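Here's a relaxed walk through a small model, one piece at a time. Have a look at it first, and then we'll go through the details.

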Amino acid sequence: MQASAKPNTDKVDRVDVSWDYALCAWARHFNASEQQIKEAVAAVGDRADRVREHLARRKQQVSERPDSR
């Protein structure tokens with residue numbers, strides 16, 4: 001009897017900032033700067049889902065700031 005293949009839901013994508021090419025790829029993936037990716041990883045760790053949430057919160061905070069003109 002063959003075991004049914006099921007997706008591995010425990011797998012977590014990790015954001016690697018130790019290699020320039022990986023950092024660049026993640027920056028493109030999240031449509032953010034490399035510096036923003038590094039700051040997000042420093043703030044919330046290297047789990048891609050947490051980095052995505054952090055970047056979304058930061059983007060929302062920036063867009064809600066009043067115009068300083």
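Let's start with helix 1, whose buried residues are A22, L23, W26, A27 and F30. "Buried" here means under 20% relative accessible area, "exposed" means over 50%, and "partly exposed" is in between, using a 1.4 Å probe and protein chains only. Helices (H or I, at least four residues) and strands (E, at least two) are DSSP runs numbered from the N terminus. The buried residues of helix 1 cover an arc of only 140° around the axis, which puts them on the same side of helix 1. That arc is taken from the directions that run from the helix axis to the C-beta atoms. Turned away from the buried side is a face with the exposed residues D20, Y21 and R28. Helix 2 and helix 3 are among what covers the buried residues of helix 1.

A word on the ground rules: this is a predicted model, where local features need pLDDT of at least 70, side-chain atom pairs count only at pLDDT 80 or more, and totals for chains, interfaces and linings use all residues. Residues are numbered from 1 along each chain as its sequence is written, and side-chain values use heavy atoms, with hydrogens and water left out.

Zooming out, the protein chain has three helices and zero strands, so to speak an α-α-α run from the N terminus on. Of its 69 residues, 20% count as buried. Contact means heavy atoms within 4.5 Å. Among the contacts with a separation of 6 or more, 24% are between residues 24 or more positions apart.

Now for the link between helix 1 and helix 2. N31 follows helix 1 and has a positive phi, near 55°, and this residue is not a glycine. Most residues other than glycine have a negative phi. N31 sits in the loop between helix 1 and helix 2 and counts as exposed because its relative accessibility is 62%. A32 is in the loop between helix 1 and helix 2 too, but A32 counts as buried, at 18% relative accessibility. Not counting residues up to four places away in sequence, A32 touches A27, I37 and L55. A32 and L55 are 23 residues apart in sequence, with 8.1 Å between their C-alpha atoms.

Helix 3 covers residues 48-64, and its 17 residues reach 24 Å from first C-alpha to last, close to the 24 Å expected at 1.5 Å a residue. That expected span is 1.5 Å times one less than the number of residues. Which residues of helix 3 are buried? They are A48, V51, H54 and L55. These cover an arc of only 125° around the axis, which puts them on the same side of helix 3. On the other side of helix 3, S63 and E64 are exposed. The buried residues of helix 3 pack against helix 1 (20-30) and helix 2 (34-44). H54 counts as buried at 15% relative accessibility. Leaving out residues up to four places away in sequence, H54 touches A40, A43 and V44. With neighbours within four places likewise set aside, A48 is in contact with D13, V15, W26 and F30.

Here are four residues side by side.

| Residue | Relative accessibility | Class |
|---|---|---|
| H54 | 15% | buried |
| A32 | 18% | buried |
| K38 | 41% | partly exposed |
| N31 | 62% | exposed |

K38, the residue not yet introduced, is in helix 2. The C-alpha atoms of K38 and D16 are separated by 9.3 Å, and the two are 22 residues apart along the chain.What makes up the largest nonpolar core? It has 12 residues in all: V15, L23, W26, A27, F30, A32, I37, A40, V41, A48, V51 and L55. Helix 1, helix 2 and helix 3 are the elements that give two or more residues to this core, and helix 1 gives the most, with four residues. A nonpolar core is a set of buried Ala, Val, Leu, Ile, Met, Phe, Trp, Tyr and Cys residues joined through side-chain atoms within 4.5 Å. In soluble globular proteins, nonpolar side chains tend to be buried together.

Last stop, the largest pocket, with a volume of about 290 Å³. Of the 13 residues that line the largest pocket, A32, Q36, L55, R58 and K59 are the closest to its centre. Helix 2 and helix 3 are the elements giving two or more residues to the lining, and helix 3 gives the most, with seven residues. A pocket is an open set of points on a 1 Å grid over the protein atoms alone, where a 1.4 Å probe fits, with protein on both sides within 12 Å along at least five of seven lines; lining residues have an atom within 4 Å of a point.

Notes: Grid points are joined across faces, edges and corners, and a volume is the space filled by probe spheres set on the points.
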